[in-house]
Amino acid sequence: MNARLAAAGDAPLVNATRFRQAHEGDWERLEHIVTRMEKRSIRSLSDEDLLALPALYRTTLSSLSVARDTSLDRALVTYLERLCTRAYFQIYGVQTPAWRQLTGFFARDWPEAVRALWRETLFCVVLTFGAALLSYLLIRSDPSWYYSVVPEGLTQGRDPSASATFLRSTLYSKEKDWLAVFATFLFTHNSQIAIFAFALGFAFAVPTVLLILYNGLMLGAFYAVFAAKGLGPNVIGWLMIHGTTEIFAICISGAAGMRVGLAIAFPGRAARMDSAVEAGRTAALAMAGTVLMLAVAGLLEGIGRQTITNDAMRMLIGTAMLAGWLAYFYAWPARSRVSGD
């Protein structure tokens with residue numbers, strides 16, 4: 001009786017061993033071919049391996065099916081799953097070099113994604129400057145509103161109690177240590193707003209709208225402080241050299257978050273998850289490039305402080321940057337599609 005039970009317990013092991021012996025050669029050959037393709041390319045294969053690849057892939061898929069159905073050991077199933085996955089991507093995946101993918105992102109994918117979000121982006125722009133105007137009017141009538149809008153850590157002494165001399169010095173100062181600290185803080189702060197505006201969009205876009213609104217309120221608050229001391233045009237020049245890029249990037253991030261949130265809230269005829277996934281593809285592409293825009297804004301902010309202190313030149317550079325971004329996102333892609341057709 002015990003001998004019979006032992007024999008029955010050993011049977012699956014014997015079957016697994018025979019199964020492996022019968023097909024292991026095909027698996028190893030497929031793995032060798034796939035590894036060669038991963039390290040080099042399909043062009044590195046011999047004609048014999050190239051012809052054998054489809055058959056080896058189908059054989060390995062059949063082996064995986066058998067291994068799953070007969071409950072062979074888990075390690076073997078895992079090995080076959082990974083091998084089949086690797087082979088699938090090498091056979092059916094698009095083999096595009098990294099440099100070409102990067103070129104495609106900047107030449108086509110990113111501008112098309114931003115262009116698809118134009119309604120949401122326009123809404124964020126209007127919301128930003130509408131909130132800025134409201135904040136300016138409130139603080140002009142009652143300066144105490146400033147402290148309700150701007151966090152203490154962001155003021156750096158630039159509040160309604162500051163003198164005109166001090167405020168002017170913050171626009172044209174070339175003190176490198178203070179500048180480095182402030183530039184880092186500013187870049188981190190705006191990057192956080194951009195990231196959160198996108199990431200929180202899933203909550204039906206409500207947090208995204210609030211963040212964009214709050215960013216506009218702070219913008220208006222800062223302008224109100226400088227304008228009250230007769231430095232309105234000066235602060236506009238300081239803001240424009242980097243702000244046109246920076247605010248645009250934040251608005252694109254907000255637009256991306258809104259697209260996801262609205263897709264979840266109002267999926268239409270599609271399933272809610274399908275709607276969110278579809279919107280997420282466009283939103284993620286648009287968001288990916290805003291990191292570059294914020295880096296460019298940080299660079300321009302440093303240049304504006306260390307090199308260019310002429311207000312008119314600052315405004316000119318800011319205007320040129322805005323025109324460049326608008327042409328890149330909305331004019332050039334359209335012309336490219338027309339010429340391509």
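**Helix α5 against helix α10**

Modeller: The axes of α5 and α10 come within 6 Å and cross at roughly 40°, where axes are lines fitted to C-alpha atoms, for helices over the stretch in contact, and angles run from 0 to 180 degrees between N-to-C directions. This is a predicted model, in which local features need pLDDT of at least 70 and side-chain atom pairs count only at pLDDT 80 or more, while totals for chains, interfaces and linings use all residues. Residues are numbered from 1 along each chain as its sequence is written, and side-chain values use heavy atoms, with hydrogens and water left out.

Biologist: Is α5 roughly parallel or oblique to α10?

Modeller: Angles under 35 degrees count as roughly parallel, over 145 as roughly antiparallel, 65 to 115 as roughly perpendicular and the rest as oblique. The axes cross at roughly 40°. Therefore α5 is, relative to α10, oblique.

Biologist: Which residue in the loop between α9 and α10 has a positive phi of about 70°?

Modeller: Most residues other than glycine have a negative phi. Phe204, in the loop between α9 (176-199) and α10, has a positive phi of about 60° although it is not a glycine. The loop also holds a residue with a positive phi of about 70° that is likewise not a glycine, and this is Ala205.

Technical notes
Helix = DSSP H or I, 4+ residues; strand = E, 2+ residues; numbered from the N terminus.
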